[in-house]
Amino acid sequence: MTQTTIGVGLVGYAFMGRVHSQAWRNVAAFFDLPVTPVMAALSGRSLSAATDAAARMGWAAVETDWKELVNRDDVQIVDICTPGDSHAEIAIAALQAGKHVICEKPLANTVAEAEAMVAAAAASQGRSMVAFNYRRVPAVALAQRMVAAGELGQIRHVRAQYLQDWIVDPEFPLVWRLQKDKAGSGALGDIGAHIIDTAQFVTGQTIVGVSALTETFVKERPLASASSGLGGSRTSEKGTVTVDDAALFIGRMSAGALASFEATRFATGRKNALRLEINGSLGSLAFDFEAMNELWVSSGDSGFRRVLVTEPDHPYVGAWWPPGHGLGYEHTFTHEIKDFLEAVGTGSDPSPSFADGLRVQRVLAAVEESAASGSYKEIA
């Protein structure tokens with residue numbers, strides 16, 4: 001390895017592992033970076049499956065034990081794309097080994113785990129970041145710039161939704177995302193975490209209190225087969241769903257804005273509708289990821305106008321295609337990796353930090369507590 005390259009090790013190679021792999025492969029081809037990533041090794045429990053994944057996705061070596069990957073001399077960055085129940089153990093070990101760490105969201109399954117990860121990050125020479133990729137949608141980044149510049153005035157309302165429908169079928173199998181011991185929570189942590197972070201990022205405000213409802217619509221599902229993934233096969237036996245199917249909550253933001261949040265995987269017909277609307281004293285913004293290259297803007301004296309966020313001066317877009325040539329889901333991860341490598345290469349702190357991830361974790365916990373008790377929960 002030379003001083004201009006940095007070795008990366010990936011833990012996990014399913015859905016998130018695939019999109020992260022594409023980002024590691026492509027980022028240096030589009031962005032000028034202080035260090036160039038080298039895809040050193042991939043870790044997975046099955047040697048044959050991991051070897052096949054490494055060959056397809058461009059990883060040079062394979063480990064069947066993530067501890068071996070963390071200890072490799074040619075790995076300086078550890079990228080964690082596993083279920084939430086293993087995030088804390090892997091991240092803390094990597095940070096204690098002096099590695100840089102990027103970890104998929106939500107940061108952990110509990111507040112205590114997230115706090116331990118933040119403490120490990122503070123004590124480590126390695127840099128750390130939680131992977132909230134929707135911050136890197138150009139339209140969302142542009143919205144954040146506009147709010148920070150005061151173009152909307154005082155923020156009064158925040159409305160955030162994340163709507164999917166992939167488990168509407170009651171015969172969909174009991175995959176790990178529907179089991180609390182592995183996933184931490186259901187729609188709340190899986191997709192609700194995204195809109196919590198996106199709302200806080202764009203507004204510059206934090207959520208300081210919530211009142212919530214959650215529901216599990218399908219209480220039992222067919223057990224997933226051993227090879228089952230996001231939409232894998234099922235067996236004839238059934239097991240209990242131990243997470244929420246939907247979460248709905250209202251909240252107060254730190255500068256006084258009122259907010260509403262909805263996360264569900266039962267919105268029939270909605271595939272990946274992450275929506276955000278912000279109303280301020282001078283204007284409004286609206287975004288829907290299913291039209292991810294568009295931002296709708298109102299100056300307050302008229303209705304909304306569409307801004308096609310593909311111009312070279314828009315966030316991230318100048319490295320890609322000519323104006324009007326839209327970007328896609330996978331580009332958000334390339335932008336995420338680009339920002340992480342710039343921080344690592346320049347010795348600065350990446351954003352969102354593990355502390356930001358902990359803040360989201362505290363909101364998730366407060367939502368669960370409020371839904372269970374039926375009371376308003378303040379967030380310290």
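The paragraphs below lead through this predicted model, from its nonpolar cores and its cavity to a helix and several loop residues.

The nonpolar interior is a convenient place to begin. In soluble globular proteins, nonpolar side chains tend to be buried together. The largest nonpolar core here has 76 residues, and those with the most contacts inside it are Val78, Met117, Phe249, Phe287, Leu295 and Phe354. Helix H8, which spans residues 187-203, gives this core its largest share, namely 8 residues. A second core, separate from the one just described, has 30 residues and includes Trp24, Phe31, Leu42 and Val344. To see what surrounds one of the best-connected members of the largest core, one may take Leu295, which, when residues up to four places away in sequence are not counted, touches Ala139, Leu142, Ala143, Met146, Leu285, Ala286, Phe287, Arg305, Arg306, Val307 and Val309.

Leu295 also leads to the question of empty space. Rolling a probe the size of a water molecule over the atoms shows where empty space is left. A search of the whole structure finds 1 cavity of 30 Å³ or more, and the volume of the largest cavity is about 40 Å³. Its lining is made up of Val140, Ala143, Val202, Leu276, Leu285, Ala286, Phe287 and Leu295, so that Phe287 and Leu295 belong to this lining and are also listed among the residues with the most contacts inside the largest core. By class, the lining residues divide into 8 nonpolar, no polar and no charged. Helix H6 (138-148) and strand E14 (284-288) each supply at least two of the lining residues, and the largest share, 3 residues, comes from E14.

Helix H6 deserves a closer look. Of its 11 residues, 8 are buried, so the helix is largely enclosed by the rest of the structure. The buried residues are Pro138, Ala139, Val140, Ala141, Leu142, Ala143, Met146 and Val147, and they pack against strand E7 (155-163), H8, E14, strand E15 (294-298), strand E16 (305-308) and helix H9 (329-346). After H6 comes Gly150, whose phi is positive, near 85°.

On the other side of H6 in sequence, the loop between strand E6 (128-131) and H6 holds Phe132. Phe132 has a relative accessible area of 2%, and because the cut-off for buried is under 20%, Phe132 counts as buried. Its contacts, not counting residues up to four places away in sequence, are with Lys105, Ala193, His194, Asp197, Glu336, Pro352, Gly357 and Val360. Phe132 and Gln205, which are 73 residues apart in sequence, lie 17 Å apart in space, C-alpha to C-alpha.

Two residues in that contact list, Lys105 and Pro352, take part in cis peptide bonds. The bond from Lys105 to Pro106 is cis, with omega near -20°, and Pro106 is found in the loop between strand E5 (100-104) and helix H5 (111-123). The bond from Ser351 to Pro352 is likewise cis, with omega near 5°, and Pro352 sits in the loop between H9 and helix H10 (354-373).

Another backbone angle to inspect is at Tyr316, a residue other than glycine whose phi is nevertheless positive, near 75°. Tyr316 lies in the loop between E16 and H9, and its relative accessibility of 17% is the reason why Tyr316 counts as buried.

Asn272 is placed in the loop between strand E12 (258-264) and strand E13 (273-280), and Asn272 counts as buried because its relative accessibility is 17%. Its side chain is joined to that of Tyr162 by a polar contact of 2.6 Å. Leaving aside neighbours within four places in sequence, Asn272 is in contact with Tyr134, Tyr162, Leu163, Gln164, Phe289 and Glu290.

Asp65, finally, is found in the loop between strand E3 (61-63) and helix H3 (66-70). Its relative accessibility is 31%, and Asp65 therefore counts as partly exposed. The side chain of Asp65 reaches the backbone nitrogen of Lys67 at 2.9 Å. Asp65 and Leu258 are 193 residues apart in sequence, and their C-alpha atoms are 46 Å apart in space.

Technical notes: Residues are numbered from 1 along each chain as its sequence is written. This is a predicted model: local features need pLDDT of at least 70, side-chain atom pairs count only at pLDDT 80 or more; totals for chains, interfaces and linings use all residues. Side-chain values use heavy atoms; hydrogens and water are left out. Helices (H or I, at least four residues) and strands (E, at least two) are DSSP runs, numbered from the N terminus. Buried means under 20% relative accessible area, exposed over 50%, partly exposed in between (1.4 Å probe, protein chains only). A polar contact is a pair of N or O atoms within 3.5 Å; within protein, one must be able to donate a hydrogen and the other to accept it, and residues adjacent in sequence count only if both atoms are side-chain atoms. Contact means heavy atoms within 4.5 Å. A nonpolar core is a set of buried Ala, Val, Leu, Ile, Met, Phe, Trp, Tyr and Cys residues joined through side-chain atoms within 4.5 Å. On a 1 Å grid over the protein atoms alone, a cavity is a set of points where a 1.4 Å probe fits but cannot get out, and a pocket is an open set with protein on both sides within 12 Å along at least five of seven lines; lining residues have an atom within 4 Å of a point. Grid points are joined across faces, edges and corners, and a volume is the space filled by probe spheres set on the points. Ala, Val, Leu, Ile, Met, Phe, Trp, Tyr, Cys and Pro count as nonpolar, Asp, Glu, Lys and Arg as charged, and the others, Gly among them, as polar.
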